[in-house]
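Biologist: I'd like a close look at a single part of this model, and then a walk outward from there. Take your time with it.

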Amino acid sequence: MPEPIVIFDDVSYAYPGTEELALRGVSLEIQAGEYVAILGLNGAGKTTLGLCVNGVIPTMLGGELTGTVTVAGLNVIEYPVREMAKVVGMVFDNPEFQMSQMSVAEEVALGLENAGVPYEDMKRIIPETLELVGLSGYEERSPLGLSGGQQQRLAIAAVLAMKPNILIMDEPTSNLDPIGKQEVFDMAAKLNRERGMTVIVIEHEVEVMARYADRVIVLDKGRVIMNGTPDDIFTRVTELATLNLRVPEAARVATLLAEKDLWQGPVPIRTEPAITAVNELLGATHA
Ligand SMILES: Nc1ncnc2c1ncn2[C@@H]1O[C@H](COP(=O)(O)OP(=O)(O)OP(=O)(O)O)[C@@H](O)[C@H]1O
Ligand SMILES: [Mg+2]
């Protein structure tokens, strides 16, 4: 049995100068190659959890951390900051703010330079990485002239160039249009499936997570309150509604119908199976 790539063991955390805990007794494990969605209301601790995985907490931000966070076999407090970028890459919601260079190639080169990667290697890694995110041929373009979806894929390329084992995306598409969202999620799914990349996505779009995630972890006021497969979690419709969290529309509608005995069988969480099931139901009614 392989070791999980991320282990939180009873982790609590308070930001510097605060009393209130942003994480409270969090214990969880993430296996290498898993695609995990983190859900929760504003302030639930999702970003804080991500920053613990990439070691920014506590190495750079300080604060009070108790319990242990183990990433790829090492306690995060023991990781040199430079090494961490080779293990975990994290991207945030506003790709534009993550761009600082004149060209797409330079944007990808920045992290490599900081990590002391030789120029000869960079010449190979940059086009390889741009290809991975579908930005081949954009090397000399200005990052600010790209679409939002392309900018986000560039931000992801910049972290992927370091060949991390884990990609964390913190609401990566909240500033993107539907096409941009699709581009980013399709790309992450491809990296996960074809390259075995461990993907952790902090996300409000439950439909998308129902489609892609292997597992869903729900945080509330710094605690893990649910942890299971998308089917386990998204069919707990009433519980999630009490928490003010959305569930996929398919699950919501099927649950409403089930309450009136108009839906038999399992509650679907994805749209396509729900449509098939409705068609079958209608077919059965007509027969
Ligand atoms: N730099 C900081 N200093 C002090 N407190 C902070 C800091 N960042 C976050 N917090 C607090 O920690 C708690 C968890 O915040 P966090 O940003 O992890 O939530 P979140 O789930 O990512 O929310 P959102 O959906 O709004 O992004 C909140 O109570 C927040 O106010
Ligand atoms: Mg956040």
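Which residues point one way from S8, which point the other way, and are they buried or exposed?

Modeller: Bear in mind that this is a predicted model. On S8, Thr 198, Ile 200 and Ile 202 point one way, Val 199 and Val 201 point the other way, and all are buried. That is the alternation you'd look for, because side chains in a regular strand switch between the two faces of the sheet. Strand S8 covers residues 198-202, and five of the five are buried, so the strand is largely enclosed by the rest of the structure. The cut-off behind "buried" here is under 20% relative accessible area.

Now for the neighbours of S8. Strand S3 (residues 35-39) runs parallel to S8, and four bridges join the two. If you want a spot to click on, Ile 38 has Ile 202 in S8 as its bridge partner. Strand S7 (residues 166-170) also pairs with S8 in the parallel sense, this time over five bridges. There, Ile 166 has Thr 198 of S8 as its bridge partner. In general, it's backbone hydrogen bonds that hold such pairs of strands together, whether parallel or antiparallel.

The link from S7 to S8 is worth tracing along the chain. Helix H7 (residues 178-195) joins them in a β-α-β unit, and that unit is right-handed.

From there, let's go to ligand 1. Glu 171 is among the residues around ligand 1, and so are Leu 41, Asn 42, Gly 43, Ala 44, Gly 45, Lys 46, Thr 47 and Thr 48. Tyr 15, Thr 18 and Ala 22 are also part of that group. By residue type, the shell around ligand 1 splits into four nonpolar, six polar and two charged. Three side chains in it put a polar atom by an oxygen atom of the ligand. For Thr 48 the distance is 2.4 Å, for Thr 47 it is 2.8 Å, and for Asn 42 it is 3.0 Å. Taken alone, ligand 1 exposes 630 Å², and the protein buries 59% of that.

Some of those ligand neighbours bring us to a helix. Helix H1 spans residues 46-53 and is mostly covered, with seven of its eight residues buried. The buried ones are Lys 46, Thr 48, Leu 49, Gly 50, Leu 51, Cys 52 and Val 53. As a reminder for reading that list, an α-helix has 3.6 residues a turn, so residues three or four places apart point the same way. Cys 52 sits in H1, and at 0% relative accessibility it counts as buried. The C-alpha atoms of Cys 52 and Thr 68 are 9.8 Å apart, with their positions 16 residues apart along the chain.

After H1 comes Gly 55, with a positive phi near 80°. Just beyond, have a look at the peptide bond between Ile 57 and Pro 58: it is cis, with omega about 0°. Pro 58 belongs to helix H2 (residues 56-59). For context, most residues other than glycine have a negative phi, and most peptide bonds are trans.

There is another sheet to see as well. It is an open one, with four strands in the order S2-S1-S4-S5 and antiparallel pairing. Its edge strands, S2 (23-30) and S5 (74-75), each pair on one side only. Strand S1 (residues 6-14) pairs with S2 in the antiparallel sense over five bridges, and Tyr 13 has Leu 23 in S2 as its bridge partner.

S1 has a backbone oddity too. Asp 10 is found in that strand, and it has a positive phi of about 50° although it is not a glycine. With a relative accessible area of 46%, Asp 10 is partly exposed. Asn 244 is another non-glycine with a positive phi, about 65°. You'll find Asn 244 in the loop between helix H10 (237-242) and helix H11 (249-259). Its relative accessibility is 62%, so Asn 244 counts as exposed.

One last stop is Asp 231, in helix H9 (residues 230-234). Asp 231 is partly exposed, with a relative accessible area of 38%. Its C-alpha atom is separated by 8.9 Å from that of Arg 215, and the two residues are 16 apart along the chain.

Terms used:
Residues numbered from 1 in each chain as written. Chains lettered and ligands numbered in written order. Predicted model: local features only at pLDDT ≥ 70, side-chain atom pairs only at ≥ 80, totals over all residues. Heavy atoms only, no water. Near = heavy atom within 4 Å. Polar contact = N/O pair within 3.5 Å; in protein donor to acceptor, adjacent residues only side chain to side chain. Areas by Shrake-Rupley, 256 points an atom, 1.4 Å probe, with all protein chains shown as cover. Nonpolar A, V, L, I, M, F, W, Y, C, P; charged D, E, K, R; others polar. Buried < 20%, exposed > 50% of the residue type's maximum accessible area, 1.4 Å probe, protein only. Pairing = 2+ DSSP bridges. Right-handed = clockwise from strand over helix to strand, strands pointing away.
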